[in-house]
Amino acid sequence: MKTYLSALLILTSMTFAFAQSTPQEITDTFFKTFKKEGASKAIDELYKSNSWITRNADAISNLKSQLEGLNKDYVGEYYGNEKINSKSLGSSFVHLSYMAKYDRQPLRFIFQYYKPKDTWVIYSFSFDAKISEELAESAKIYYQNL
């Protein structure tokens with residue numbers, strides 16, 4: 001019985017260790033890391049799924065620097081995030097848009113994920129202050145459907 005329980009525990013842990021992360025899970029992990037450990041660590045965690053990104057180390061370094069610049073002196077306290085939009089192209093590409101809530105203003109964080117074969121990888125991450133443009137685009141789509 002003891003051997004059976006040990007084997008079951010090992011198999012269960014392996015299943016969780018090798019379970020495929022969804023774009024939502026990867027994004028949730030990004031925001032948890034962002035809040036607890038900062039932008040650099042969150043970006044490292046986000047891009048670890050994409051082995052091709054090491055070829056663009058300068059761009060990642062620049063992105064980290066810009067995101068680290070969103071400190072309390074510049075935008076105030078970070079209070080969390082809310083999902084704005086989610087779109088998919090087929091079953092292999094997902095675009096997620098979030099509002100990051102700060103004292104000074106909201107910012108838009110955009111995540112794009114791609115699944116070339118079996119696992120999701122980050123394809124693109126960006127952020128900007130164009131949150132009102134996101135609202136305007138959503139309104140256009142809404143009014144076209146009336």
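What follows is a walk through this predicted model, from one helix to its aromatic rings and then its salt bridges.

Let's start with helix 2, which runs over residues 23–37. With 15 residues at 1.5 Å a residue, helix 2 should span 21 Å, and its end C-alpha atoms sit 20 Å apart, so the expected and modelled spans agree. Now look at which of its residues are hidden. Pro23, Ile26, Thr27, Phe30, Phe31, Thr33 and Phe34 are the buried residues of helix 2. Viewed down the helix axis, they fall within an arc of 165 degrees, so they line one face of helix 2. The background here is simple: an α-helix has 3.6 residues a turn, so residues three or four places apart point the same way.

Turn helix 2 around and you meet the face that looks away from the buried side, where Lys32, Lys35, Lys36 and Glu37 are exposed. And what lies over the buried residues? The cover includes two helices, helix 3 (39–47) and helix 4 (57–68). It also includes strand 1 (78–89), strand 2 (93–102), strand 3 (106–114) and strand 4 (121–128). Just past the end of helix 2, Gly38 adopts a positive phi of about 100 degrees.

On to the rings. The model has 18 aromatic pairs. One of them brings us back to helix 2: Phe30 and Phe111 meet edge-to-face, with 5.2 Å centre to centre and 75 degrees between the planes. This pair ties together distant parts of the chain, since Phe30 belongs to helix 2 and Phe111 to strand 3, 81 residues apart. Both Phe30 and Phe111 are buried.

Phe93 and Tyr123 make another edge-to-face pair, at 5.4 Å centre to centre and 75 degrees between the planes. Here, too, distant parts of the chain are linked: Phe93 is in strand 2 and Tyr123 in strand 4, 30 residues apart. The two partners differ in how much they show. Phe93 counts as buried because its relative accessibility is 17%, while Tyr123, at 53%, counts as exposed.

Step back and a wider pattern appears. Ring pairs join Phe30, Phe31, Phe34, Tyr78, Tyr98, Tyr102, Phe109, Phe111, Tyr113, Phe125 and Phe127 into a cluster. Among these are Phe30, Phe31 and Phe34, which we already met as buried residues of helix 2. Elsewhere, a ring has a charge for company: the charged end of Arg104 sits over the ring of Tyr74, 5.0 Å from its centre.

That leads to the charged side chains, which form six salt bridges. In one of them, Lys41 meets Glu45 at 3.5 Å, N to O. Lys41 and Glu45 are four residues apart in helix 3, so about one helical turn separates them. Lys41 counts as partly exposed at 34% relative accessibility, and so does Glu45 at 26%. Glu45 also takes part in a salt bridge with Lys48, at 3.1 Å, N to O. Lys48 itself is exposed, with 61% relative accessibility. Put together, Lys41, Glu45 and Lys48 are linked in a network of salt bridges.

Finally, look at the strands again. Asp128 and Arg108 form a salt bridge of 2.8 Å, N to O. This pair connects distant parts of the chain, with Asp128 in strand 4 and Arg108 in strand 3, 20 residues apart. Asp128 counts as buried at 19% relative accessibility, and Arg108 is buried with a relative accessible area of 11%.

Definitions and conventions. Residues are numbered from 1 along each chain as its sequence is written. This is a predicted model: local features need pLDDT of at least 70, side-chain atom pairs count only at pLDDT 80 or more; totals for chains, interfaces and linings use all residues. Side-chain values use heavy atoms; hydrogens and water are left out. The expected span of a helix is 1.5 Å times one less than its number of residues. Buried means under 20% relative accessible area, exposed over 50%, partly exposed in between (1.4 Å probe, protein chains only). The arc is that of the directions from the helix axis to the C-beta atoms. Contact means heavy atoms within 4.5 Å. Rings of Phe, Tyr and Trp (its six-membered ring) pair if their centres lie within 6.5 Å; planes under 30 degrees apart count as stacked, over 60 as edge-to-face and the rest as tilted. A charge sits over a ring if NZ of Lys or CZ of Arg is within 6 Å of the ring centre and within 35 degrees of the ring normal. A salt bridge is a side-chain nitrogen of Lys or Arg within 4 Å of a carboxyl oxygen of Asp or Glu.
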